[in-house]
Amino acid sequence: MSKPIVVISAAQEYSVGALAERYVLNKNYAGGVLAGGGVPILAVDPTSPAEYVALGDGLILTGAWPVHPDPTIPGIFNMREEKGAFTSRLRNPEELDLFRAFRDAGKPILGICRGHQYINIGQGGNLNTGIARSYGREHREGFFHPVKTEPGSILAKLYGEEFFVNSHHNFHIDRLGEGIKVTAWSADGLPEALEHESLPIIGLQWHPERMRGDHPHPPKGPDMTSLFAFLVEWCLQIKGVK
């Protein structure tokens, strides 16, 4: 039996010196897919989503600098220029097309951090940049905190009612997109995870790829290798292998 292929989106950047295009990916994403039993490939040409759908069995939308306030993308408000916005501007349209292509094909999607936010945007929801203004505290710089899961959710089945996660974000989901439900919350009321009501789509605001391996963050969080294994199993089920 061949292993499922999981397509991983990557940040497109320009080097400061030569202005040469490059794609940047933390190897922990690929490591999670490998540990879960899948084969990772990098989406180095996100302008060809149909080719990746034909090749891949699932998709991971990765984290990166914040979503850029691109006027061509509806559903983003209260935005301001952020460090890394130039990079994010390059990713916006192509990554939404990649998400929609896998969604329309009914193939599993895991959104992480920025990818989690893109799932909501792709379903017609919106974002807000004001965590500190709205909730009175920051969620940036990698501090960790507990989340509580909704009963019956994928995360509740994998990790129980409450566990610790890392936090590297300032934007947050505001209005939910079509078919999207929140499946985990922070103690201060922020949506921390989502699932689609009927499609194989899950999004996490934290970084599960950093919650496994030799140096997991946070140390007291669960080993999230099992999440990547769940994604790979999802791919097998959709393919009809199991």
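Which residue forms a salt bridge with D104? In this predicted model, the partner is R103, and the closest N and O atoms of the two residues are 3.0 Å apart. R103 is buried, with a relative accessible area of 19%, a value that falls under the 20% limit for that class. D104, in contrast, counts as exposed at 59% relative accessibility. This pair is a handy entry point to the model, and the other charged pairs are taken up again further below.

The overall make-up of the chain comes next. The chain holds seven helices and 13 strands. Of its 242 residues, 53% count as buried. The accessible surface comes to about 10,600 Å², and carbon and sulfur atoms account for 53% of that area. Among contacts in the chain with a separation of 6 or more, 67% are between residues 24 or more positions apart.

The strands can be followed through one sheet in particular. Nine strands form an open sheet with mixed pairing, in the order β4-β1-β5-β6-β13-β12-β11-β8-β9. The edges are taken by β4 (39–42) and β9, each of which has a single partner strand, so one side of each is left without a neighbour in the sheet. On average, neighbouring strands of this sheet are turned by 25° against each other, direction ignored.

Within that order, strand β6 (residues 109–112) offers a good place to look at the pairing. Strand β5 (residues 58–61) pairs with β6 in the parallel sense over three bridges, and L61 stands opposite G111 in β6. Strand β13 (residues 201–204) also runs parallel to β6, joined to it by four bridges; here L110 stands opposite I202 of β13. The pairing of β13 with strand β12 (residues 191–196) is antiparallel and rests on three bridges, with A193 opposite L204 in β13. Helix α4 (residues 114–122) packs on the sheet, where it touches β5, β6, β11 (180–186), β12 and β13, and its direction makes about 120° with that of β6.

The side chains of β6 deserve a closer look. In a regular strand the side chains alternate between the two faces of the sheet. In β6, I109 and G111 point one way while L110 and I112 point the other way, and all of them are buried.

L110 and I202 appear again in the nonpolar interior. The largest nonpolar core has 25 residues, and those touching the most other members are I60, L110, L155, I202, L204 and W206. At least two residues of this core come from each of β1 (5–8), α1 (27–35), β6, α6 (154–159), β9 (162–166), β13 and α7 (225–239). Helix α7 supplies the largest share, four residues. Apart from this core lies another, of 20 residues, which includes V53, L59, F99 and I173. The surroundings of I202 can be listed in full: leaving aside neighbours within four places in sequence, I202 is in contact with I109, L110, G111, I119, I154, L155, L194, E195, L227 and W234.

Attention now returns to the charged residues. Side chains of opposite charge can pair when their charged atoms come close. A search of the whole structure finds four salt bridges. One of them joins the side chains of D57 and K239, at 3.7 Å from N to O. D57 lies in the loop between α2 (49–55) and β5, whereas K239 belongs to helix α7, so the pair ties together parts that are 182 residues apart in sequence. D57 counts as buried at 11% relative accessibility, while K239 is partly exposed, with a relative accessible area of 39%. Another salt bridge links the side chains of E209 and R210, again with an N to O distance of 3.7 Å. E209 is buried at 1% relative accessibility, and R210 is partly exposed at 28%.

A final stop is G37, found in the loop between α1 and β4. G37 is partly exposed, with a relative accessible area of 27%. Not counting residues up to four places away in sequence, G37 touches K3, P4 and V232. The C-alpha atoms of G37 and F230 are separated by 9.6 Å, although the two residues are 193 residues apart along the chain.

Notes:
Residues are numbered from 1 along each chain as its sequence is written. This is a predicted model: local features need pLDDT of at least 70, side-chain atom pairs count only at pLDDT 80 or more; totals for chains, interfaces and linings use all residues. Side-chain values use heavy atoms; hydrogens and water are left out. Buried means under 20% relative accessible area, exposed over 50%, partly exposed in between (1.4 Å probe, protein chains only). Two strands pair if DSSP finds at least two bridges between them. Contact means heavy atoms within 4.5 Å. Accessible areas come from the Shrake-Rupley method with a 1.4 Å probe; for residues, only the protein chains shown count as cover. A nonpolar core is a set of buried Ala, Val, Leu, Ile, Met, Phe, Trp, Tyr and Cys residues joined through side-chain atoms within 4.5 Å. Axes are lines fitted to C-alpha atoms, for helices over the stretch in contact, and angles run from 0 to 180 degrees between N-to-C directions.
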